[in-house]
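Me: I am new to this structure and would like a close look at a single part of the picture, namely the contacts between charged side chains. Please take your time and keep the answer connected.

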Amino acid sequence: MLNRATTLSIDPTSETGRLLEQAFAAARQEHGVRQEFPPEVLDEVAASMDAPDLPDRDETTVPFITIDPPGSMDLDQAMFIERDGDGYRVRYAIADVMAFLVEGGALDEETRARGMTIYCPDLRVPLHPPVLSEGAASLLPGVERPAYIWDMRLDREGTRDTAELYRARVKSVRRYTYQEVQNLVDEGAGEDTLMLLQEVGELRIERETARGGASLPMPEQEVELDDDGNYVLQLRPLLPAEDWNAQISLLTGIVAAQIMLEGGVGILRTMPVPEQGAVARFRREARALGSEWPKDLPYGEFLRSLDKSDPAHLAIVHAATALFRGAGYTAFDGDLPPEADRIQAAIAAPYTHVTAPLRRLVDRFALAVCQALTCGEDVPDWARSTLSSLPDLMAEADRRAKAVERSCVSAVEAAVLVDQIGQDLDAVVVDGHPKGVVVQLLDPPVSATVKGTAELGASVEVHVEGADVLAGKVSLRVVGP
C-alpha cells in the first residue's frame, strides 16, 4: 500500500548535501532565473510602500482567514464564508499588488521578465521583492492590507447567483495550514468559515463533476527542508481540505472568465479537450489495471473514486496525466475566441487566473480587467495593451519554472539513492517507456524510468545501479516481481 512516504533526510553540510546545493544553483543558472532585484526596483518599492494607493472602502471588520502551506509568508488569498438565506456568501480577498506598483516602472518591467515565483528546495525566487510579497502586500494576520474582494453569492447547490469585485482594506484574523483546517473540520471544532468551506467545497466538487470536469488526484512529490534544516523527499497525498480550498479559487476563476467573456476583453487560462485517441488509451489502461471506467461515468468522478494508496490505482492516476496537457493562455479584445478555445477542459468551463498576483504575473492584469468591467468603467490602457503579450510571457515563465523544478527534484532523487547503490527496492510500475518502464519507488519516493519490462500496476523490485547528483540521473533495473 502507498501512504505518505519519506526518505532519510539529507544534511546540507554533508558531501551529498553540498552536491545538491550545487545542482540547485546550476539549475537556476542554466535556465536564466533572475535571483537578485536591481537597486532601482528596490528603491521604487520602498517609495511605494511609503505612499501606497489604498482603497477607501473599509472591510477590516470582516474576519477573513488564510489557508496556506506551513511557513508561507506570501499570502495571496483570504476568505470569509457565511450563510446567505439557504445559500452562501463567499468573500475572497486577493492581495492588491497594484497598490504598490507603478505601471511602466522598474518593478513592472522586472515582473514581466520573471513571470512567476520559482520554488526551489533551498530557496524561493519571488516574483516581487520579499519586502512586498511577504510583507506590505501579503495578507498576513492582524495587519491592515489593500485587497481586491470577490463578493460572490451562491445558491443552495453551490451555483453562482451574483458576483462583484471591488477594492477594500481588509485585516485577516488568523492563518491556518491545510492540516490544521483538516483536523478542525474532522473534529467538528472549526470556526464557521472552515465548516462552511467543507460544505461549499463539496458542493463545488459536485458541480465540477456535473459539468464533466476533473481534478487529477496525483500525490505530490515534494522536496522540503525539515525542522533541522535537512532536505527531505516525500510523496504526499492531498488532503480533502486542499481540495475544498482549491474549489474556492476555481469558482473565482470561473466567475472572472464569465465576466471577461461578457465584457469582450480579457485573458483565459485554457486547456484543449483530450483527443479521442488519448481517452481511448486511458480507458484501455484502466481496464488492464483492473478498474473498468463505465461509459456513462464522467472521468472526473472516475478519478475521484480511485484509492491513491492502491498501487494499481496510482498507476491509473499517472496514466490520466495524458488527459491534462496543453494548458496555455488565450487573450482577446473585441472578437471572442472560438468556443473550443475558451474552455479549460479539466474544469469543463471558461476559466482564468485571478487569485495569485503575488506569485503570478497574469493575475494582476486579469484583476484590473475584471474590476473595470464589474464597475462599468473602461479597462485601463496599461492592462488592455499588455493582454496580447501575456500568453508568451507566461509560457516562457512556466517553461522556466518547470525546468528548474524538474532539475531540482531529479537531483534530490539521485541524492537519496546514493547510499542505496547495489540494493533492491520495492516499486510500482506506473507507465510504459521506450527504454523500459516508469516506476514509482515506495520508499524513497523516487519516480524514474528503469530498464526492463513489467505489467502496468505491477509491484516489482528494482536494482539501484548508480546515482549522479550533479547530473540528476539515476540508473535502475527491474530485477523481479
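Which residues are linked in a network of salt bridges? Please go on from there to some individual pairs, and add a word on the cysteines.

Reply: The model shown here is predicted, and what follows should be read with that in mind. The residues linked in a network of salt bridges are Arg 57, Glu 59, Glu 82, Arg 89, Arg 91 and Asp 151. The structure as a whole holds 33 salt bridges, and a few individual pairs may help a new reader to see how such contacts are placed along the chain.

Consider Arg 167 and Asp 53, whose side chains meet in a salt bridge with an N to O distance of 3.8 Å. This pair links distant parts of the chain, 114 residues apart, since Arg 167 belongs to strand β8 (residues 160–171) while Asp 53 sits in the loop between α2 (39–50) and β2 (65–67). Arg 167 counts as buried, at 18% relative accessibility, because the limit for that word is under 20%, whereas Asp 53, at 46% relative accessibility, counts as partly exposed.

Another pair is that of Glu 208 and Arg 304, which form a salt bridge whose closest N and O atoms are 3.1 Å apart. Because Glu 208 lies in helix α6 (residues 192–211) and Arg 304 in helix α9 (residues 299–304), the pair ties together parts that are 96 residues apart in sequence. Glu 208 is buried, with a relative accessible area of 1%, while Arg 304 counts as partly exposed at 27% relative accessibility.

Within one helix, Lys 402 forms a salt bridge with Asp 398, and the closest N and O atoms there are 3.2 Å apart. Both Lys 402 and Asp 398 lie in helix α13 (residues 390–417), where they are four residues apart, about one turn of the helix. Lys 402 counts as partly exposed at 42% relative accessibility, and Asp 398 is partly exposed as well, with a relative accessible area of 22%.

Turning to the cysteines, the count of disulfides comes to zero. For Cys 120, the nearest cysteine sulfur is that of Cys 408, 4.4 Å away, and Cys 120 is in no disulfide because a disulfide needs the two sulfur atoms within 2.5 Å. Cys 120 counts as buried, at 10% relative accessibility. Cys 370 is likewise in no disulfide, the nearest cysteine sulfur being that of Cys 375, 11 Å away, and Cys 370 counts as buried at 0% relative accessibility.

Conventions: Residues numbered from 1 in each chain as written. Predicted model: local features only at pLDDT ≥ 70, side-chain atom pairs only at ≥ 80, totals over all residues. Heavy atoms only, no water. Buried < 20%, exposed > 50% of the residue type's maximum accessible area, 1.4 Å probe, protein only. Salt bridge = Lys/Arg side-chain N within 4 Å of Asp/Glu carboxyl O. Helix = DSSP H or I, 4+ residues; strand = E, 2+ residues; numbered from the N terminus.
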